[in-house]
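Dear colleague,

Please find below the structure that I am passing on to you. My findings come after it, and I would be grateful if you would read them alongside the coordinates.

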Amino acid sequence: MSSMRRHLDRIRFRGQKRDEFLDPAESPNTSDTECPEEGVAKAGVCVRETEDMREGDGEQQTDAQAGPGPFSADETRTDLNEVKGHLEIALLEKHFLQEELKKLREESNMEALKQELEKERGRSSDLEQKIRDIMRSSFEDSPPLKPKPSPPPAASSTAQQKDVLSDSLLKWLYARWGVYIEDFRFQPEEPTVEPEEPLSAKRLTENMRRLKRGFKPVTNFMRNLSALSRWYSVYTSAIAFIVYMYAAWYGWVIPMFLFLALLRLSLNYLIARGWRIQWSIVPEVSEPVEPPKEDLTVSEKFQLVLDVAQKAQNLFGRMANILEKIKNLFMWVEPELTRKLYVGLLVAFISSCLLPYKLLGFIIGVYAGIKFFIIDFIFKSCPKLRRRYDTPYIIWTRLPTDLQLKERNSATMSRRVPASAGRGSLGAAAPLGAGRDEDGGRCYSTKRGAFHEVFNLPENEPPLTVCENGWRCCLINRDRKTPTDYIRNGVLYVTEHHLCFESSSSRSGSSKRNKVIKLSDITDIQKYKVLSVLPGSGMGISIATPSTQKPMVFGAMMHRDEAFDAITSQHAKITAMGVASDPDT
């Protein structure tokens, strides 16, 4: 057995070891393009050589050794050969599988390339078809040419050159504009929603300043025109009048305006290049520019927002008034005024149909110059003449806005309703004069009920005309300790003898929280400012009476000056009446 093991070891390690066999897939001499049959043939030759060498070694060993069991050595050799054969077959199969995998990868890449090639071919064919269509349409649009006799060789060469030039021109046009033609579509663009910025006091003031700077050239231009019309500078207005009338007389008004526009652009160019050129009929007043503050308190921010909101409110109100007046002029809201506009347009239409345009332009130019430089100057200097004879001014001032129409309609309805109610229910009506104005029979009431019932006043003491709707404010009673009694929101009224405050938190049937102060008991009236963060910039009125230790303050009033004037004037009347009735004092 020991001799058999040695014999097997010699057979096992006689040739190359297992680790020394090169994998056909990893061999540097093998290539991916070799035929698999050559690999099989080479492998078969190696197997045969190995078997021959093993048979020779086996024969030598059998000759050298003589012992029992010669058949066992042959069987061992046969098993080893079979194992070797299986191993080589496995290696060959591995090599074949790797080659097939590489081929599959190459085939897949080839398919992708083929697809891309087909796409490119399709695009090129589409472009060629479009070029043919464009050329065909151009040929169809061109007028048909009569058949000409065959030209000589020189003429044929020129015709070929023309064809080449036309083809190159069409190709250039398509290369230059073909992208836009293909991109043209009849679908509307999708609306883009711009992101809205959050409310910011700094941003709001910056936008208002930008708007003011943007309107500054327009306002300067209008101010200079007004100065020319008012003859602010006599020499400048006289020169402008003479030049304009000369241009209008010879029909050079449009060239003159175009020349002035070019002159203005030239001056702006020089100013942009650094020249200091300032020409204005009216001297410009430079407004002080406040440096922006970085850190603002809450009250300053609130006050800033209120100021900007007030400016925006006034600006929007003026713009709304202009637009509403124009709309009402064309909608026959005031038939008398619209009739004048209609007659003027009719005369202008008939004149444009009958008169030549040169004469019509001469008339319009001369009339505009006389109207701007002479008639407007006379009307602005004499307001009574303007209110009586200036037709455009009369039409514009008499045109109502929608707000004025609403107030007019509400006043008309308020006059009609009490009269009809008095005629319909005389027996069940309240006593005459109860809460009504003596002149027009108007019934005064508050949110809680009739005015005289809320404040327990006589029926013949309504609020003054200036405060029929009252002034929104808050009563600050510094004698009270609790917050609910310290500050109360409500409405302030002034009557002939009393100052009335209606609290908004009082119940409809109770008047405990309302305040009625006799004007004769008031000892001091002063303007007072509570906090700037309150509405109306915190403006208020301080009222002192003998019954209060500290003056009461009616603060947060939007119309503080109007209320202060009404209260002081009525208080002065009551004081004067008291002095006149008491001769001893």
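The notes that follow go from the whole chain to the sheet, then to the helices and two single residues.

**Overall composition**

Please bear in mind that this is a predicted model. The protein has 585 residues, of which 21% are buried. Its secondary structure consists of 16 helices and 9 strands. If one takes the contacts between residues at least 6 apart in sequence, 56% of them join residues at least 24 apart.

**The sheet and the helix across it**

Seven strands form an open sheet with antiparallel pairing, in the order β6-β5-β4-β3-β9-β8-β7. Its edges are β6 (515–518) and β7 (524–529), each of which pairs on one side only. On average, and with direction ignored, neighbouring strands of this sheet are turned by 30 degrees against each other.

Within this order, β3 (residues 471–476) is joined to β9 (residues 552–555) by 3 bridges in the antiparallel sense. In this region Cys474 is found opposite Gly555 of β9.

Helix α16, which covers residues 560–581, lies across β3, β4 (487–494), β5 (498–503), β7 and β8 (539–544). The helix runs at about 175 degrees to β7.

**Packing of helix α6**

Helix α6 (residues 234–249) is described here with two partners, α10 and α7.

The first partner is helix α10 (residues 357–381): the two axes come within 9 Å and cross at roughly 170 degrees. That angle is over 145 degrees, so α6 and α10 count as roughly antiparallel to each other. On the α6 side, the contact is made by Ser237, Ala240, Phe241, Tyr244, Met245, Ala248 and Trp249. These meet Phe362, Gly365, Val366, Ala368, Gly369, Ile370, Phe373 and Ile374 of α10. By class, the residues of this contact comprise 12 nonpolar and 3 polar ones, with no charged residue.

The second partner is helix α7 (residues 253–272), whose axis is 7 Å from that of α6, at an angle of about 135 degrees. The two helices are therefore oblique to each other. Here Val243, Tyr244, Ala247 and Ala248 of α6 meet Val253, Met256 and Phe257 of α7. The contact of α6 with α7 has 7 nonpolar residues, and neither polar nor charged ones.

Tyr244 and Ala248 of α6 appear in the contact with α10 and also in the contact with α7.

**Two individual residues**

Asp376 is located in helix α10. Is this residue buried or exposed? Its relative accessible area is 16%, which is under the 20% limit, so Asp376 counts as buried. The side chain of Asp376 makes a polar contact with the side chain of Lys371, at 2.6 Å. When neighbours within four places in sequence are left aside, Asp376 is in contact with Ser229 and Lys371.

Pro462 sits in the loop between α14 (451–455) and β3. With a relative accessible area of 21%, Pro462 is classed as partly exposed. The C-alpha atom of Pro462 is separated by 8.7 Å from that of Val494, although the two residues are 32 residues apart along the chain. Val494 falls within the range given for β4 (487–494).

Yours sincerely

Definitions and conventions: Residues numbered from 1 in each chain as written. Predicted model: local features only at pLDDT ≥ 70, side-chain atom pairs only at ≥ 80, totals over all residues. Heavy atoms only, no water. Pairing = 2+ DSSP bridges. Helix = DSSP H or I, 4+ residues; strand = E, 2+ residues; numbered from the N terminus. Axes fitted to C-alpha atoms, helices over the stretch in contact; angles between N-to-C directions. Contact = heavy atoms within 4.5 Å. Parallel < 35°, antiparallel > 145°, perpendicular 65-115°, else oblique. Nonpolar A, V, L, I, M, F, W, Y, C, P; charged D, E, K, R; others polar. Buried < 20%, exposed > 50% of the residue type's maximum accessible area, 1.4 Å probe, protein only. Polar contact = N/O pair within 3.5 Å; in protein donor to acceptor, adjacent residues only side chain to side chain.
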